[in-house]
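Grab a pencil and work through these exercises with the structure open beside you. Try each task before you read its solution.

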Amino acid sequence: MTNFDVDGFFERQLATWPLARKNFDALKYVRVREFMIGGFPFRVQFNPGRMISTGARMDAATIKVRKCFLCRENTPPEQTPLHVKGITGREYRFLVNPYPIFSRHLTIPAMEHTPQRILERFPDMLGFASDLDGYTIFYNGPKCGATAPDHMHFQVGNRGLMPVEDHLDSLHDVIPSAVIIESGTIGAAEEEFRKLYDSLPVKDGEVEPMMNILAWQKSDGVSTRFIIVVYPRREHRPKCYYADGDSQLLISPGSVDLGGLFIVPRERDFDRLTPENIREILNEVML
Ligand SMILES: [Zn+2]
C-alpha cells in the first residue's frame with residue numbers, strides 16, 4: 001500500500017458522519033499561542049473537543065469496565081474502516097479520528113484487541129510513515145498519553161502543525177532527553193530503535209520503557225529518509241494536572257504535545273499558560 005488517498009477517505013467519511021464533520025469544522029476556530037523556548041517555537045492549541053481524551057480516567061478498573069472504542073464491534077455505524085496490512089504482516093484498520101487535533105487525523109488500531117506495545121510493531125509504524133506522504137505517525141505508550149492502553153494503535157496527523165517537524169535542530173533546547181534517529185531504511189532504523197529500547201529503564205509495574213514516538217519521512221528530492229523522534233518518559237501526568245482549584249492546569253502530554261504542540265482543553269488554562277509552566281511540565285514528565 002503506497003500513497004494512500006487520505007483526502008478521498010476523509011471526504012467519504014465526513015460526507016456521511018455528522019459528528020466527525022462537526023468536530024473537523026470546529027478545528028477552524030481553535031486558538032493558538034506561540035512561545036519561543038530557547039530556539040524552539042512552542043505552540044499551544046486551545047481545543048475543547050479534546051477534553052474527552054485529556055480528562056479521561058486511566059486507572060485499570062475504569063479501563064476494564066468500559067467498552068473498548070477501538071474494537072470493531074463498538075465503533076459507531078458511521079465509521080467506515082479501511083483494512084490495511086502493516087509490513088510485519090499484522091492487520092490494522094484506518095479510522096477517521098472523530099475528536100481531531102489535525103485537519104487530517106487518523107487512528108490506526110490493530111485488528112485485534114491487544115495491549116499497547118511498540119517493540120514488535122515498530123516496523124509497521126515506519127511502513128505507515130512511508131505509505132502516508134506528508135503525514136507524521138505517532139505512538140503513545142500505554143501510560144504516556146494513550147487513551148486506549150488496552151488496544152494497540154498508532155495515530156496520524158498531517159504535517160505542518162507540530163513545530164518539531166521543521167525545528168529538529170532546536171528540539172534539545174526544550175526537551176534535552178529526546179533521541180533522534182535518522183535512517184535510510186526501516187531495517188537500520190529498527191536496529192537503532194531496539195538498542196535504545198533496551199537501554200531505557202522499565203518502571204516497576206510497567207511492561208515497556210515509558211515513551212512517545214513521532215516518525216515521518218523526509219525527502220530532499222534525491223533521497224528519502226526516516227526521521228524518528230523518541231521521547232523517553234518518567235511520568236504519565238505532571239503535578240499541575242492533579243492540583244486543586246486555581247493552580248490546576250489540565251494538561252496531559254502525549255506525542256503531539258512533545259512535538260511542540262501543547263493541547264489545552266480549557267480556555268482558562270490556555271489564557272494563563274506561561275513558558276515557565278511548559279518547562280516545568282516537561283521537566284516532570286520527561287526522563
Ligand atoms: Zn479493543
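Before we start, one term: two residues are in contact if their C-beta atoms, placed from the backbone, lie within 7 Å. Keep in mind, too, that this is a predicted model.

**Exercise 1. The overall build**

Task: Work out how compact the protein is for its 287 residues.

Solution:
- Start with the parts list: eleven helices and eleven strands.
- Next, take the radius of gyration, which is 18 Å, and set it beside the 19 Å from the globule rule; the two are close, so the protein is as compact as a globular protein of that length.
- For a feel of the dimensions, the C-alpha atoms fill a box of roughly 45 × 40 × 40 Å along the principal axes.
- Then look inside: 37% of the 287 residues are buried.
- Finally, take the contacts between residues at least 6 apart in sequence: 69% of them join residues at least 24 apart.

**Exercise 2. A helix with two sides**

Task: Find which residues of helix 11 (residues 275-285) are buried, and decide how they are arranged around the axis.

Solution:
- The buried ones are Ile278, Ile281, Leu282 and Val285.
- Now look down the axis of helix 11: these buried residues fall within an arc of 95°, so they line one face of the helix.
- Turn to the other side, and you meet Glu276 and Asn283, which are exposed.
- What lies over the buried residues? The cover includes strand 1 (31-37), strand 2 (40-46), helix 6 (171-174), helix 8 (239-242) and strand 11 (261-264).

**Exercise 3. A strand covered on both faces**

Task: Say which residues of strand 5 lie on each side, and find the strands that pair with strand 5.

Solution:
- Count first: five of the five residues of strand 5 (residues 105-109) are buried, so the strand is largely enclosed by the rest of the structure.
- Recall a general point: in a regular strand the side chains alternate between the two faces of the sheet.
- Here, His105, Thr107 and Pro109 sit on one side, with Leu106 and Ile108 on the other, and all are buried.
- One partner is strand 4 (residues 91-96), which pairs with strand 5 in the antiparallel sense over two bridges. Leu95 stands opposite Thr107.
- Another partner is strand 7 (residues 153-158), which runs antiparallel to strand 5 and is joined to it by five bridges. There, Ile108 stands opposite Phe154.

**Exercise 4. From an enclosed helix to a partly exposed residue**

Task: Follow helix 5 (residues 122-131) through Ala129 to Gln217.

Solution:
- Eight of the ten residues of helix 5 are buried, so this helix is also largely enclosed by the rest of the structure. Among them are Phe122, Met125, Phe128 and Ala129.
- The cover over these buried residues includes strand 5, strand 6 (135-140), strand 7, helix 7 (186-199), strand 9 and strand 10 (224-232).
- Zoom in on the largest nonpolar core, which has 65 residues: Met125, Ala129, Ile137, Ile213 and Ala215 touch the most other members.
- Leaving aside neighbours within four places in sequence, Ala129 is in contact with Ile137, Ala215, Trp216, Gln217 and Phe226.
- That brings us to Gln217, which lies in strand 9 (residues 211-219). Is Gln217 buried or partly exposed? A residue needs 20 or more C-beta neighbours within 10 Å to be buried; Gln217 has 19, so it counts as partly exposed.
- Beyond four places in sequence, Gln217 touches Ala129, Ser130, Asp133, Thr224 and Phe226.

Terms used. Residues are numbered from 1 along each chain as its sequence is written. This is a predicted model: local features need pLDDT of at least 70, side-chain atom pairs count only at pLDDT 80 or more; totals for chains, interfaces and linings use all residues. A residue is buried if 20 or more other C-beta atoms lie within 10 Å of its own, exposed if 12 or fewer, and partly exposed in between; C-beta atoms are placed from the backbone. Helices (H or I, at least four residues) and strands (E, at least two) are DSSP runs, numbered from the N terminus. The arc is that of the directions from the helix axis to the C-beta atoms. The radius of gyration is taken over C-alpha atoms; the globule rule is 2.2 Å times the number of residues to the power 0.38. Two strands pair if DSSP finds at least two bridges between them. A nonpolar core is a set of buried Ala, Val, Leu, Ile, Met, Phe, Trp, Tyr and Cys residues joined through C-beta atoms within 7 Å.
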